[in-house]
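Biologist: I have a model in front of me and some questions about its strands and helices. Can you take me through them?

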Amino acid sequence: MNDKQHTIQAPVTVRGIGLHTGVEATMTFCPAPVGHGFKFQRVDLPGQPVVDADVDNVVDLSRGTTIEQNGARINTVEHTLAALVGMQLDNVLIQLSGPEPPIMDGSSAEFIKALESVGLQEQNALRNYYEIPESIRYVDNARGVEIAALPLSDYRLTVMVDYNSPVLGSQHATLADIGQFGAEIASSRTFCFLHELEMLYKNNLIRGGDLSNAIVVVDRVVTDDELNDLAKMLGKPRVSVKKEGILNNVDLRHKNEPARHKLLDLVGDLALVGRPLKGQILAARPGHAANVAFAKRIKKKMLEAHSNPVPQYDPSREPVMDINRIMQVLPHRYPFLLIDKIIHLDDQMVTSVKNVTMNEPFFQGHFPGNPIMPGVLQVEAMAQTGGILVMNTVPDPENYWQYFLGIENCRFRKKVLPGDTILFHCQLLAPIKRGIAKMRGQAFVNGKVVMDAEMSAAIVRKDA
């Protein structure tokens with residue numbers, strides 16, 4: 001799995017008809033900055049409103065997953081989002097000239113192909129993974145649905161479906177490596193049963209459905225008169241039933257193509273939690289309603305953790321900024337440069353690492369024989385961390401000074417000793433206005449808060 005955030009190198013466009021609305025649309029994937037996430041934009045509507053790909057924006061699950069925000073609605077987002085997750089992208093703006101992404105061939109394959117054609121762009125920030133901390137479960141006994149997420153250092157998914165059908169019995173699909181999504185899952189097409197087809201048309205759904213972009217499973221004997229009626233409904237001269245029970249369609253791309261498509265839908269729906277996941281997902285008989293309900297449970301856990309964030313530090317991962325890069329941004333030098341690396345940086349927050357050793361020069365004169373890191377230097381280290389954050393908001397940081405203006409509500413909660421590794425975490429409290437930034441900072445050792453404070457700083461041009 002990628003450690004750094006990624007966007008795409010250039011815009012790329014696909015065109016086609018929407019599955020359920022039947023409306024022609026142009027969809028353009030556009031590069032986006034660090035921390036942007038996935039957003040749709042209805043460029044055909046006044047003001048070109050933006051819709052965040054967020055589970056809280058889901059408004060309809062009648063056949064696909066529909067989101068709505070700012071007066072704009074996007075139908076059937078799951079195949080598009082699955083492609084973005086499968087490419088391990090983080091920041092993309094999806095501009096859409098209609099209410100629904102093109103269905104293409106009923107899978108995510110054409111989206112993957114388009115994204116691969118422009119290539120990925122690595123960004124200077126670590127991916128903001130949500131690592132499943134403990135078992136999370138969703139059960140719908142009435143529908144026989146069960147979905148579970150278990151802790152794991154990768155992202156793996158297994159889906160089981162059972163349709164009690166002579167054509168489609170019990171099927172399993174597994175994706176052991178999200179990097180194999182394009183090769184193993186993306187080409188699996190959407191499907192429905194013959195008995196669902198007439199209902200969908202009567203309810204004004206799948207207006208863009210066609211036997212070239214959806215698999216229709218025939219699980220009973222069909223008379224010639226019924227086939228003629230189906231041909232009229234689908235606007236075809238004639239339709240037939242193949243021996244394996246697939247209506248007038250090409251051969252299945254995989255023996256378990258329906259199960260693989262359900263896995264594809266699950267990947268797309270879980271993208272609505274808003275962060276890349278690390279965990280093992282096990283799903284029995286999933287559908288969009290269950291997927292979204294489960295995504296809401298994950299997001300709830302995520303927000304509970306975010307309300308009291310404890311930064312995670314893996315020394316084996318490449319930092320966002322090493323000490324050489326830090327010295328290009330901050331003017332501080334030995335013995336007053338007090339942070340060693342930056343492990344997270346986006347437009348709202350930053351996390352730095354400080355390794356405290358007995359060789360620190362201040363230990364010679366501060367409590368000799370009882371070495372404790374001075375609180376005032378903890379504040380300075382946090383201020384330097386915040387300086388990285390505010391300098392990240394200007395295009396040419398080498399042309400600015402960053403000055404510490406004030407501190408409020410500072411508390412020192414535990415001693416910091418030689419051998420400790422401190423994580424300083426700063427987050428903006430409000431947008432930067434007129435060069436003034438206000439931040440909340442916390443310092444952690446072994447997951448415990450050792451110091452916290454609110455700080456303000458000013459950004460000033462060097463030639464001012």
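Biologist: How many bridges join strand 7 to strand 8?
Modeller: This is a predicted model, where local features need pLDDT of at least 70, side-chain atom pairs count only at pLDDT 80 or more, and totals for chains, interfaces and linings use all residues. Residues are numbered from 1 along each chain as its sequence is written, and side-chain values use heavy atoms, without hydrogens and water. Strands are DSSP runs of E, at least two residues, and helices are runs of H or I, at least four, numbered from the N terminus. Strand 7 (residues 66-69) runs antiparallel to strand 8, and the bridges joining them number 3.

Biologist: Which residue is the bridge partner of Gln69?
Modeller: Two strands pair if DSSP finds at least two bridges between them. The partner of Gln69 lies in strand 8. It is Ala72.

Biologist: Which strands stand at the edges of the sheet?
Modeller: The open sheet has 3 strands in the order 6-7-8, paired antiparallel. Each edge strand has a single partner, so one side of it lacks a neighbour in the sheet. They are strand 6 (58-60) and strand 8 (72-74).

Biologist: Why are the buried residues of helix 2 on the same side?
Modeller: Buried means under 20% relative accessible area, exposed over 50%, partly exposed in between (1.4 Å probe, protein chains only). In helix 2 (residues 109-118), the buried residues are Phe111, Ile112, Ala114, Leu115 and Val118. They share a side because the arc they cover around the axis, taken from the directions from axis to C-beta atoms, is only 165°.

Biologist: Which exposed residues does the opposite face carry?
Modeller: That face of helix 2 is turned away from the buried side. Its exposed residues are Lys113, Glu116 and Ser117.
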